[in-house]
Every structure is written in structure tokens, then in C-alpha cells.
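User: Please take a close look at the salt bridges in this structure. I would like one connected account of the charged pairs and of where they sit.

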Amino acid sequence: MNDSPGWATPGSAPSDGQEAAIPRPSAPQDGGAPTGQWSPEQPPPGQWSPEQPPPGQWSPPSNPGNRPPAPGWGGGPQRPDWGMKPPAAKPGVIPLRPLGLGEILDGSVSALRAHWRTALGFSLAVSVVVQIAVTLMQRYLLPKPTTVDPNAEGTEALRQASESARTTLLSLAPASLLTMIATLFTASIVTVVISRSVLGRPVTLSDAWAEARPRILPLIGLTLLVALIAATVMTVGVGPGLLVGAEAGAALALLGFTAACVVILWLQVSLALAAPALMLERQGILAALRRSAKLVRGAWWRTFGILALTYLLVFLVSFLVSIPFGVVGVIADGTDISEFFESGGPSLGWPFLIITGIGEVVVSTLLYPFVAGVMALLYVDQRIRREALDLDLARAAGLSGHDADTPRS
């Protein structure tokens, strides 16, 4: 029996204010048992059989196994769809009801496919500009990898390891910052595209940019604040162990690092919907963080699972696309494979940087919008589950029969 309002199996309960008709035995005609009582002269158990018709008359066939009556054989009208919910309205890329994992992933791909000129065109332009800047920095500005002597010991080995870590961080920081900015610009446009795609409405790049542009700076501020919170948590976790020093300090630092990673993971998932809230609800930075925490509360593991699968797919696609470009770049650059295993690594030239840069552009163009679309649809899904946003979306899409009094699908 369906418990949804307005949907119940026919005949499952009497109407309000009426008694259900209960069959009772008829009154005896020959002065036998009184009305409402069965006659005491009953056949022995297991020996009763229905009255056989006189010879020459047809009798209904037996029903071994108590099979249900077939349609048209006295069983009444057969309605297998009684008690089932009606299909949810789908004006755009998703049905207006709580979404499953596959519907979220498919909705992101469908929105990008339907509006590829807007979303992927913008993502391609941003990725090309960023990759050109990263390639120029790698060639002219960033420091060369530090040579590490594998035979060094004691203080010298520690100094070389510290110097190598510092050089690596200096090399990664500018590229990471540019990538973050590119991701934010792409996410802002894709979030607007998703919001229109849910309603089945067209959107142009100029429309999306006009709507997203006032939220770019708050979005950058939100991202920097989340990164600052994560860095603070890591510092608090690792700092005491580094101050203590020696073996006890190393063990304490390792324990603090593990605890900090757990806290950062919990924060990242809890605040994952802050960017869509900031973009679509016009929230401030702190209000968007609180909004995300409220939407994720009680659904942390589900949100974590969807995000983990999304980033796993992104990693696999990025890995599969990058390998061919990397191999072709090494061959075009004329680099010997053995140089990769030498101290300091190979000296890579323009052919390698250009070819691998093209691979990075392909990956960025496809995957950044996909991740942003998943985030936006996950936000929509949580609001449908918690706030009946599907009714508001149905009214906004102009669907008839969807008002505040209509039961949810």
C-alpha cells in the first residue's frame, strides 16, 4: 500500500464516516442456528467439498495453488498501476525529484552536451590562456629542480631534502594558483548553465557571464577562505610535533598530520556546496559556508561518496589522456628515458612543454565543467530532499498542476 498523500490502493480502507461492509452468514430458513451463528452440524475437518452440480451442467475449473484470477474472469478490473507514483516532471536535464548518483553524473554530462558552446567554449578559452601562462613560467621563471645526492647522509641529506621540497613548492604554487582561478571562472559559468538546464531553458555565454560576473570576487574569496581554514587546521595539527623535535616530535607530528587530514576532509565535504549556494542564492561568503553545512548535515557520507566517485573518474580520465601526450612529448623532445631516473631529472624543451600543455588543455576543458556541474546538481538534489525545491522549480518551468498543494512525486 502506498503511503504517499493522495495515492492509496483502491478498496484498502472504507471512506470516512462509513463502516466497511462485513459479510455475515444469512439467517436460517428452517429454524436452525440463530442469525449470526454457524450451524453446529459441520462436516469433519479436511473432508468438506463443494456441492457437485447435477450431471450435464458445467462447473468452474478448480484453482490449484490459489492462483490470482485472470483479467476478465470474475476478478474485477485489473489495474497493475494502482498505488504507483506518477512519473516526475522533467522539463530539463534532470527529473524534478530526489536524484540518484547516476542521474547526477548523467545530468552534468547532458547539460554540457546541450550547451557545449557556452560551457565548453568558455572552458576551452580559459584553459588555453592559463596553460600558456603556466608553460611560459615553467620555461623561464620557475627554478630548476634541485640536485639531490643519493649518497648524502646526516645534516647534508636533510638540507638537500629541505631544499628540494622548497623548490618543488615554489614550482607548483604559481601553476596551482592559476589553475584554481581558471576552475573558479569555469565553475561560475557552468553553475549558471546548470541552473537554466534544470528548467529546460536556453542560455548564451553573454547571459551566463552577465549573471556570474558579480559573483566572481566573492567566489574567489570563498575559495581562499576555505584554503586558509585547511592550512590553519594542518598547522595546528603538525606544529606541536615540529616544535618538539627528535623521535617523539616526529611521532607527534605524524599523529597530528593524520588528525588534521581527517578534519580537513570533513570540512571539505561539509563546505562542498558553498560555491553553488553563493552563486545561485546570492549568499555572502560566511552565509554560503553555513548554508552548505546545513544542507550536507545528515547526508555527509552520501555527499562524500558522490564526490569521491566524481574525483576518481576525473583522475582516471586525466591519467588516460595525459599519458599519450606525455609519451609523444618525450619522443618529440628527444629525451632519453634514463634521464628521468637521474638526480635532478631531465632537462625538458619546448616540444615536451607544448605537447603536454595541449594534453592539459584537453583535460581541463572537459573535466572542470563536469566537476562544477556535479557540484551544482548535488546542491539542487539536497534542496529538493530538504526543502521541496522541486515544486518551486516546476512552477518556475511553467508546468501545469504543480502548485503548493500538489503532492510531491
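Analyst: Aspartate 392 and arginine 395 form a salt bridge, with their closest N and O atoms 2.3 Å apart. This is a predicted model, and the distance is computed from its coordinates. Both residues belong to helix H11, which covers residues 389-396. They are three residues apart there, so about one helical turn separates them. Aspartate 392 has a relative accessibility of 36% and counts as partly exposed. Arginine 395, at 38%, is likewise partly exposed. Some salt bridges share partners: Glu281, Arg291, Arg383 and Glu387 are joined into one network in this way.

As background, side chains of opposite charge can pair when their charged atoms come close.

A second pair is arginine 302 with aspartate 381, where the closest N and O atoms lie 2.8 Å apart. This pair links distant parts of the chain, the two residues being 79 residues apart. Arginine 302 is in helix H9 (residues 300-333), and aspartate 381 is in helix H10 (residues 350-387). Arginine 302 is partly exposed, with a relative accessible area of 26%. Aspartate 381 has a relative accessible area of 0%; buried means under 20%, so aspartate 381 is buried. The salt bridge between H9 and H10 therefore pairs a partly exposed arginine with a buried aspartate.

A third pair is glutamate 103 with arginine 97, whose side chains meet in a salt bridge at 2.5 Å, N to O. Glutamate 103 has 25% relative accessibility and counts as partly exposed. Arginine 97 is also partly exposed, with a relative accessible area of 29%.

These pairs belong to a wider set, since a search of the whole structure finds 10 salt bridges. The chain that carries them has 11 helices and zero strands. Read along the sequence, its pattern is α-α-α-α-α-α-α-α-α-α-α. Of the 409 residues in the protein chain, 32% are buried, and aspartate 381 is one of the buried residues.

The link between H9 and H10 can be set beside the contacts of the whole chain. Among contacts between residues at least 6 apart in sequence, 70% join residues at least 24 apart. Arginine 302 and aspartate 381, at 79 residues apart, are separated by a span of that kind.

As for the surface, the protein chain exposes about 25,100 Å². Carbon and sulfur atoms supply 65% of that area.

Key. Residues are numbered from 1 along each chain as its sequence is written. This is a predicted model: local features need pLDDT of at least 70, side-chain atom pairs count only at pLDDT 80 or more; totals for chains, interfaces and linings use all residues. Side-chain values use heavy atoms; hydrogens and water are left out. A salt bridge is a side-chain nitrogen of Lys or Arg within 4 Å of a carboxyl oxygen of Asp or Glu. Buried means under 20% relative accessible area, exposed over 50%, partly exposed in between (1.4 Å probe, protein chains only). Helices (H or I, at least four residues) and strands (E, at least two) are DSSP runs, numbered from the N terminus. Contact means heavy atoms within 4.5 Å. Accessible areas come from the Shrake-Rupley method with a 1.4 Å probe; for residues, only the protein chains shown count as cover.
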